[in-house]
Amino acid sequence: MKTYHTIIIGGGPAGMSAAIQCAKQEQKVLLLDCCEKIGKKILVTGNGKCNLTNLRQHSSCYRGNAPDAAGSIFDVFGLKETMELFHELGIHTKDKNGYVYPYHEQASGVREAFEAALFANHNLDIQTGIRVTDMIPSKDGFRIVAESSQDEPEKEKANRKKAAKPTKKKLMHFAGHSVIIATGGLAGKNLGCDGSGYEFAKKTGHQLIKPLPALTALKSGAPFLKKLSGVRNPARISLYTKEDGLLAEECGELQWTDYGISGVAVFQLSRFAAVALEDGKNPYVLLDFMPDISLKEVKILLLSMAEKCGYKNSRVFLDGFFPAKLTPVLLREAQIEEDFPVSAWKEEEICRMAGVIKGFSLKINGYMGFEKAQVTRGGVAMTEVTGELESRHLPGLFFAGEVLDVDGTCGGYNLQWAFSSGSVAGKAAFLRNQLC
């Protein structure tokens, strides 16, 4: 059984960052990943363009049950250090209104830059297609049990006689003084995120904040959704529960689907809706379709336009403001018939219509699952780890990335958390091993 100074479980952005920091000065490090290539999750970030980070760093961009805990990690390895890391790896970047992308806007190039640096490090062993099945604390550190995660090739499967028994997967054993769990969450199972890190955490006595999908679409049972599917319009989206009032709000493009609502602004709110539903509460959103002006100004605008367009019926009139598929829904909510002449609108119709435009209510009854989510809300509680992300229960065990209870908003923040937390854990493991 080969022994290493540090064993890193998970070869995503957090695991790769950790490996860069701890595989140096003759400390031997093993990086294990269940996928056929390391860094696979990077390939789907930023719609394939890889939004690496964001120049606008603020605590509100990171969520969790202990949100301030993330800030202490960024104090150690933040935006400045991350940009220096990109430079060292030969990743030239560009700024697009604060959003940082690789200059070539190719996520594959970022993955390859990390891979090249890691494979060039003679202190680092990398084994892919390996699934860790157990992590056992020992006197001198940890023993890792793993097996091949690759399915038998179809050609070999076809050639094998039906009567023959499937080939047993070979078990492998490794020993490490320190272990870094960077297995990701549950969002992206096809990218190796299977929640195994949560099982290792629970087995070793760590508290978990229940993992739920985040940065995902929301569901509703409203009967008009199929008619609106595919429509996009700007809106301020405010999420409420009857029990707690306003939870969060975002502005942006609203995308209607046959099951509910989607779009970046909805993604930003989704974690709060998921938690509310999990707690048995009744979330709903108020949609403001003219967020740049006040209710009073909407009334004045409608009155002015109605005076000029009295020859129109209500539907044709409203088509001048909103997508044609949306106007019947708004009129129905305002209790105005589609063929009702605008010339007959009185203050009552103006007020009802303005109220709907500024506060259209939509009940939320669900959310898209992990297969559609971009990230996981929840994970190992930040109160369970030190400022160096080392377990408070089991010295030598570290956590990094999405496995921890930190999730960022859209815009490069989740990758920033991965790079920062992985680097902090890697540096801490390296220093700990020097003292052992």
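Here are three short exercises on salt bridges, each with a worked solution.

This is a predicted model, so to speak with cut-offs attached: local features need pLDDT of at least 70, side-chain atom pairs count only at pLDDT 80 or more, and totals for chains, interfaces and linings use all residues. Residues are numbered from 1 along each chain as its sequence is written, and side-chain values use heavy atoms, with hydrogens and water left out.

**Exercise 1.** Find the salt-bridge partner of lysine 94 and say where the two residues sit.

- Start with the criterion: a side-chain nitrogen of Lys or Arg within 4 Å of a carboxyl oxygen of Asp or Glu.
- Glutamate 105 fits, with the closest N and O atoms 2.9 Å apart.
- Now place them: lysine 94 is in strand E5 (residues 93-96), and glutamate 105 is in the loop between strand E6 (99-102) and helix H4 (107-119). Helices (H or I, at least four residues) and strands (E, at least two) are DSSP runs, numbered from the N terminus.

**Exercise 2.** Is glutamate 105 buried or exposed?

- Take the classes: buried is under 20% relative accessible area, exposed over 50%, partly exposed in between (1.4 Å probe, protein chains only).
- Glutamate 105 comes out at 14%, so call it buried.
- Its partner lysine 94 has 26%, so that one is partly exposed.

**Exercise 3.** Which residue pairs with aspartate 194, and how many residues apart are they?

- Look for the contact: arginine 131 is the partner, at 2.5 Å between the closest N and O atoms.
- Check the separation: the two are 63 residues apart, with arginine 131 in strand E8 (residues 130-138).
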